[in-house]
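Take a moment with the chain before reading on. We will go from the overall form to the core, and then to a few single residues.

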Amino acid sequence: MPVFVVETYVVDPEKQREFMSALKDILEYKKANPERFKEMKSKKIYSQMFGDISGRHIEMNEFDSLADAEKYLTRTSKDKGFMKLYQEAKLLLVPATYSMTVWTPVM
């Protein structure tokens, strides 16, 4: 059964341009190193337009199973190149707005 690792956060309004650049760098790194991210079936990134918390971003990462998600998270946490890019991007967020959850489909 597929699982989705969902990350939500708010980007500092003054750092939007920097964040988009950092996000592009991360996506380019993933594209250049597909073997390091092989368990991820898909990735979607959304920006909330209105309602609830304005400026919130949601990243949905799809995996075939929880085991595949765990393999991916373990491998990427040890990937120095990826972690450097990831940590730089996280510095551009509004403090205490980041969360990571795991979702499964019900239908």
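The radius of gyration is taken over C-alpha atoms, and the globule rule is 2.2 Å times the number of residues to the power 0.38. For 107 residues, that rule puts a compact globule near 13 Å; the chain has 14 Å, which agrees. Keep in mind that this is a predicted model. Along its principal axes, the C-alpha trace spans about 35 × 35 × 20 Å.

Now the elements. The chain has three helices and four strands. Read from the N terminus, their order is β-α-β-β-α-α-β. Contacts across the sequence can be counted too. Take the contacts with a separation of 6 or more: 73% of them join residues 24 or more positions apart.

Next, the surface. The chain exposes about 7200 Å². Carbon and sulfur atoms supply 61% of that area. Charges come as 17 positive and 16 negative side chains. The centres of these two sets lie 3 Å apart.

What share of the 107 residues is buried? Buried residues make up 34% of them. In soluble globular proteins, nonpolar side chains tend to be buried together. Here, the largest nonpolar core has 21 residues. F19, F63, Y72 and F82 have the most contacts inside this core. Several elements contribute: β1 (3-10), α1 (16-32), α2 (66-78) and α3 (80-90) each supply at least two of the core residues.

Look at F63 in more detail. Beyond residues up to four places away in sequence, F63 touches P2, V3 and V5. On the same terms, F63 also touches E39, M40 and K41, as well as D68, A69 and Y72.

Strand β3 covers residues 56-63, and N61 is found there. Is N61 buried or exposed? N61 counts as buried, because its relative accessibility is 3%, and the cut-off for buried is under 20%. Setting aside residues up to four places away in sequence, N61 touches V3, F4, V5 and E7, along with M40, S42 and K43. R36 is another matter to place: N61 and R36 are 25 residues apart in sequence and 15 Å apart in space, C-alpha to C-alpha.

Move to V11, in the loop between β1 and α1. V11 has a relative accessible area of 1%, so this residue is buried. Which residues does V11 contact, leaving aside its neighbours within four places in sequence? They are Q16, F19, G55, H57, L92, L93 and V94. One of these partners, H57, is 46 residues from V11 in sequence, yet their C-alpha atoms are 7.5 Å apart in space.

Helix α3 holds Y86. At 18% relative accessibility, Y86 counts as buried, because the limit is under 20%. Apart from neighbours within four places in sequence, Y86 is in contact with E7, I26, Y98 and M100. Y86 and D25 are 61 residues apart along the chain, and 9.4 Å separates their C-alpha atoms.

Finish at A96. Where is A96 found? A96 is found in the loop between α3 and β4 (99-103). With a relative accessible area of 85%, A96 is exposed. The backbone is worth a look here as well: A96 has a positive phi of about 70° although it is not a glycine.

Key:
Residues numbered from 1 in each chain as written. Predicted model: local features only at pLDDT ≥ 70, side-chain atom pairs only at ≥ 80, totals over all residues. Heavy atoms only, no water. Core = buried A, V, L, I, M, F, W, Y, C linked by side-chain atoms within 4.5 Å. Buried < 20%, exposed > 50% of the residue type's maximum accessible area, 1.4 Å probe, protein only. Contact = heavy atoms within 4.5 Å. Areas by Shrake-Rupley, 256 points an atom, 1.4 Å probe, with all protein chains shown as cover. Lys, Arg positive; Asp, Glu negative; His and termini not counted. Charge placed at Lys NZ, Arg CZ, Asp CG, Glu CD.
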